[in-house]
Amino acid sequence: GWSRPMFETIRSTQELFESFKDQRFEQLGTVNFSLQDYENAYLDARQKYLDAAEAVKIATGPYEASRDAYVAAAATYTKSLYS
């Protein structure tokens with residue numbers, strides 16, 4: 001009956017998958033894969049982020065001081081208009 005061709009098809013499919021798997025592992029063996037490339041990119045991006053975060057931290061103090069001075073000056077000016 002029908003079971004013999006079905007098993008032959010299953011067997012040939014398994015053999016095909018095995019041949020793909022073998023080829024894939026062979027290709028991986030020839031590829032020069034290194035995490036060092038990714039590490040360098042990560043460390044570079046991390047350093048840029050840390051530098052930007054430090055710049056924001058340094059700029060926050062003068063920004064807040066100038067903001068407070070502007071608000072105080074605007075409040076004093078507004079008060080003088082209505083006094």
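Here are some questions and answers on how the labels for this predicted model come about.

The model is predicted, so local features need pLDDT of at least 70 and side-chain atom pairs count only at pLDDT 80 or more, while totals for chains, interfaces and linings use all residues. Residues are numbered from 1 along each chain as its sequence is written, and side-chain values use heavy atoms, with hydrogens and water left out.

Q: What makes up the secondary structure of the protein?
A: It comes to 2 helices and 0 strands. Helices (H or I, at least four residues) and strands (E, at least two) are DSSP runs, numbered from the N terminus.

Q: How do you know that the span of helix α2 agrees with its number of residues?
A: The expected span is 1.5 Å times one less than the number of residues. For the 47 residues of α2 (residues 35-81) that gives 69 Å, and the end C-alpha atoms sit 67 Å apart, so the two agree.

Q: Where in α2 is the kink?
A: At threonine 60, shortly before proline 62, with a bend of about 30 degrees. That bend is the angle between axes fitted to the seven residues ending there and the seven starting there.

Q: Why is the pair aspartate 44 and lysine 48 called a salt bridge?
A: The rule asks for a side-chain nitrogen of Lys or Arg within 4 Å of a carboxyl oxygen of Asp or Glu. Here the closest N and O atoms are 3.5 Å apart, so the pair qualifies. The two are 4 residues apart in helix α2, which means about one helical turn between them.

Q: How many salt bridges does this rule give?
A: The count is 2. Aspartate 68 and arginine 67 also form one, at 3.1 Å from N to O.

Q: Why is lysine 48 called exposed, and aspartate 44 partly exposed?
A: Buried means under 20% relative accessible area, exposed over 50%, and partly exposed in between (1.4 Å probe, protein chains only). Lysine 48 has 55%, so it counts as exposed; aspartate 44 has 42%, so it is partly exposed. Aspartate 68, at 42%, is partly exposed, and so is arginine 67, at 39%.

Q: What share of the protein is buried?
A: Buried residues make up 0% of the 83 residues.

Q: How much area does the protein expose?
A: About 7,900 Å², with carbon and sulfur atoms supplying 61% of it. Accessible areas come from the Shrake-Rupley method with a 1.4 Å probe.
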